[in-house]
Structure formats: C-alpha cells, structure tokens
Amino acid sequence: MISRRGFLGASAVAVVGFDLFGHRWVTAAEAAAGPSFAKAPPLSGELAVDAAAREAVGTDLGNIVHRRPAAVLRPGSAADIAAMIRFCSAHGIPVSARGQAHTTYGQGLSTGLVIEMRHLNRIHRINDRFAEVDAGILWKDLAGAAYEQSPPLTPPVLTGYTGLSVGGTLSVGGVGGIVGGLRTGLQVDHVQELEVVTGAGVIERCSRQRKPDLFDAVLGGLGQCAVITKAVIQLVPAPQRARNFVLQYSDNAAFFRDLRLLIDRTQVDHVYAEFTAPDPEPVYKIHATAFYDAPATPDAAAILAGVSAVAVVEDTPYLDYVLTIDRLIDFLRETEDWDRLVKPWYDVWLSDSTIEQYLAELVPSLTPRDIGPYGAGLIYPQRRELTTRPAPRRPAPDGSSFVYVVDVNTVSSAPGPDPAFSAEMLERNKRLYARARRSYGAVLYPIGSVPFTEQDWRDHYGSAWPAFRAAKRRYDPAGVLTSGPGIFRRS
Ligand SMILES: Cc1cc2nc3c(=O)[nH]c(=O)nc-3n(C[C@H](O)[C@H](O)[C@H](O)COP(=O)(O)OP(=O)(O)OC[C@H]3O[C@@H](n4cnc5c(N)ncnc54)[C@H](O)[C@@H]3O)c2cc1C
C-alpha cells in the first residue's frame, strides 16, 4: 500500500511505478531497477498493488466476468483521481470507476486501474432543496441523512435496492424502483450539477447551463467520458408513511388492465410489478403505494375502484418502506451467499404500446430456472414526459404516456462461478434481446448481462451516436475510461 506519507517519507516502499513494457504496476524497489518504469503521482489516498486488493475487485455482482486489475486506487480526493487518470491516459492504461459493482456483466471491471469510489462518501452540503454529495455515497445513506432534516426530506427517486452508489446509478440512469417514476423522472433527471474528472484527467463542474455537452455525456453515460466525483441532487419533502396495496393475478390481460388503471390514479404515488415463470400458471403481482402524512390516510376505495383483484394492505413508516428490498438482499447475503450467486440479468425498456403483447410472449416461454429461487421478474412503469435527459436510451415515442423497464433478474441456485450456466443464460439473453428489439422496439437498459457488439452499441445509440462519439473523443481522447461495456474500440 502506498500512501502520501509513504511517498514523502524515507520508507523503502516510497512510490509505485508502472512498467511501460511489461504493462504492470511495480513497487518502488523494482522501479529503481530500470529506466522503463514510470513514477506514479503522489496521492493523498492509496494505490494498492497487492494480490488481495486486486482480487477483491476482480468481479462484480454478476460473477460472470472476471478481470483482475493491475492496481486499485483508494482515492483521498478528486485530485487523486485526476492525477491517476492523467497518468493512465499518458501510458494507455485502462481505468474504471467502481461504485458498488452491482452491474452484472463486467461493466466496471478493468485490467488496468480500478478506482474504488466508496472511499469518497461524504455529504458536503444539505439544505431544504438539495444535497451535494460524493459519488461514492450510497443512496440509503443520503436518504437517511435527508430524512433527518427538519422537515424530513427525500431524494425524489430511489432505486429498489438503495445500497447502490450515487455515481453508479447516475452512470446508468436510476429507475425509481421504490420511489419515483409516476410523478418524477429518473435519478438523472433530478441532478442539478456534477463534479467530474474527465478522461483527460481534468476536474470540471457541469450542469444544464455549464458545459451541457459534458453533463449530457456523463449522466447515464456508462462512465465513458468522465468519472463522477460529486453530485448536487434535488431533495423534496418526504412523507411520514407508505401504504402498500399488493394485488395478485395469473392472467396477463387482467393484470395489465389493473396496472394501467393504477399508474394513472392521482392517489397512487408508486407502482412496480413482479412476475414469475409459469409453474403451472404464472403469477403477476402489483405493488401500488400511496404516501401520506397522518392524520390523513390514503383513500383505499378511490385507489382500488374498478380493480379486479383483492388487495393485501401493508402500512409502514416511509424509511422502512424505502428499505424493503435492502432487507431482502441483506437476508440473502447472510443466508445464501448472495454476492457469489451468478446473476445473468436481462433488462430492457418497452413502450406502452408493446409491453402487454411482449409479456404475453415472454412469460409463458420462461421456466422456473430462468428466474431461479432468489431471482425476480420485474416491471417498472415510468411516466415518459418526465424523462428529460438524452440517456439512458429509451424506446421512441409512440403517443403513450408510459415506458417500462422489464427485468428478468435470473439468479443461480448455488454460488458461482458456473461457466456452463452463465453461457446458457447469456445465449438466452442475446436471443431475448434480439427478438424484443426486432419485434417490440425494446431498448437495452445496460445494467445487466446482454452480450453486445460495437455494432449493437451503435444501433442502441441510434441518432445520438455521433454526439456520444464526439463527446468520447473530446473528453477521453486516449480512450482509457470504462472499457467494460465494449462501446468504443481503444484508439
Ligand atoms: C438488487 C438490485 C436492485 C436494483 N434496482 C434498481 C432500480 O430499482 N433501478 C435502477 O435503475 N437500477 C437498479 N439496479 C441496477 C443498478 O442501478 C445498477 O447496477 C447501478 O449501476 C449499480 O450501482 P453501483 O454503485 O453498483 O455501480 P457499479 O456497478 O459499480 O457501476 C456501474 C457502471 O458505472 C461506472 N461507474 C461507477 N461509478 C462511477 C462514477 N462515479 N463515475 C463514472 N462512472 C461510474 C462503472 O465503471 C460501471 O461501468 C439494481 C441492482 C441491484 C443489484
């Protein structure tokens, strides 16, 4: 481990270098031995080259792709990130930021340098309108701190699982899995400003007004142009409680009729749905939630008017509701070795005009193995007009008010790696995606495990490709950032 203290002190392990020919990081002793070693810059944080540190970041939640980096940066500041990106850029060393590594197909892995963003996790400012936070902070920690304000506040959009990093979800989009979607955009729609380090190693601030091309390229930008180091995130008043109505169906048409009723009801604040593989019948479940402050209570009769299923009602304090999925994942982590299970996830956007027909085709084709004992089929409705950013990519407008993320979040029954299972499910994902794109206009939500060629990426970006490619060339001219998704060939 090399720290600023080590660098400045008289210790034998004074600085780490990079072997320009062998393309590996070396200790100071080795660096002293030859002229082909470049000296790494001084840091306030640490650069680790030991096997344990590198192995610990060699895979992600998917356990499908394994790529051990040559070094791990535990940054003490954005300046450390800038210095190391400049160094890597000069020597053609690939770099990836790592949030919580909850993407599942190597998106954040690297053979060069991995930057562990979790070391930058402070809240710098919080007031009644926004919070300025480090990108490595978890959404649950921001939600908790916002709720402690007087009156209590919340980010307008929260993902289903909130143990994800702010930088990680802002790099993919951030769909409101537990809060948001019906009356908000995605998490990227509620960011006022970012501090980033570009692929050229320059620290920049950007917003809708300031360097908007950089702002556009970074939000939902899959880490291609810059590393997010800070974000200014909108906060809104938080409710006291959440009343959740759970409705169950085995019939696709009845499920969609009620889903469409509920997402349009002014009394309903959030909706998501689950589906299972037929066994022998599929099960569809709607979770519709109304937020409220006592003494007022949600009008259950108005919420449920005309729906065909009987609702099971749950009522919880707001923060308990926000952490519903976190409790489930924590339990699986304790009991089933969750982090080591194989997760070949399939995630696509569909528009309102195609989703019902698509699910009518998809769900009967699934077997229980396609989801697995700890997996889930999920549907997240999102009001289209409230999404304001160029990324993430979404289906073309079709005159309807909603778009949906559909997930087949497959989880293996035993800890991996399991190359045969991974290969089978990656092949399935390729097949599902090709069919959904061709016949239903689906668009990838790139958090999961769908193999993509460079041509697939170009098709994915469509008319936005030239602007995205231009931003990549401008802000990451050496092409060192985030090679995991395989969007750009190294220049
Ligand atoms: C249980 C579970 C529930 C989920 N629920 C939802 C949901 O409701 N809605 C939703 O939208 N998604 C959901 N996701 C997906 C999740 O949003 C993405 O996988 C997200 O990228 C995870 O954040 P992370 O911190 O783990 O990012 P990582 O996986 O670490 O990073 C994702 C990508 O962004 C890059 N990156 C990370 N940090 C930065 C940074 N600071 N600057 C630039 N690039 C960076 C990485 O290199 C990588 O390419 C869920 C995932 C899980 C496992």
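This is a short tour of the domains, one domain boundary, a cavity and a pocket.

Before you click around, know that the model is predicted: local features need pLDDT of at least 70, side-chain atom pairs count only at pLDDT 80 or more, and totals for chains, interfaces and linings use all residues. Residues are numbered from 1 along each chain as its sequence is written, and side-chain values use heavy atoms, with hydrogens and water left out.

**Stop 1: colour the domains**

Select 2–118 for domain 1, 120–238 for domain 2 and 241–453 for domain 3. These bounds come from an automatic or database domain assignment.

**Stop 2: where domain 2 meets domain 3**

Show just domains 2 and 3; their C-alpha centres are 23 Å apart. Here 34 residues of domain 2 touch 38 residues of domain 3 (contact means heavy atoms within 4.5 Å). Together the two domains bury about 2,900 Å², with carbon and sulfur atoms giving 58% of that. Buried area is the accessible area (1.4 Å probe) that two parts lose on being put together, summed over both.

Now pick out Ile178, Leu182 and Arg183: they supply 26% of the area that domain 2 buries against domain 3, more than any other three residues.

Stay on Arg183 and add Asp269. The two form a salt bridge, with their closest N and O atoms 3.3 Å apart (the cut-off is a side-chain nitrogen of Lys or Arg within 4 Å of a carboxyl oxygen of Asp or Glu). Between domain 2 and domain 3 there are two salt bridges.

**Stop 3: a cavity at the boundary**

Next, select Val172, Gly220, Leu222, Ala391, Pro392, Arg393, Pro446, His460 and Tyr461, which line the second largest cavity. Why does it lie between domain 2 and domain 3? Because both domains give residues to its lining. Its volume is about 50 Å³, and the structure holds three cavities of 30 Å³ or more.

On a 1 Å grid over the protein atoms alone, a cavity is a set of points where a 1.4 Å probe fits but cannot get out, while a pocket is an open set with protein on both sides within 12 Å along at least five of seven lines; lining residues have an atom within 4 Å of a point. Points are joined across faces, edges and corners, and a volume is the space filled by probe spheres set on them.

**Stop 4: the second largest pocket**

Finish by selecting Ala56, Arg98, Gln100, Ala101 and His102. The second largest pocket has about 410 Å³ of space, and of its 20 lining residues these five are the closest to its centre.
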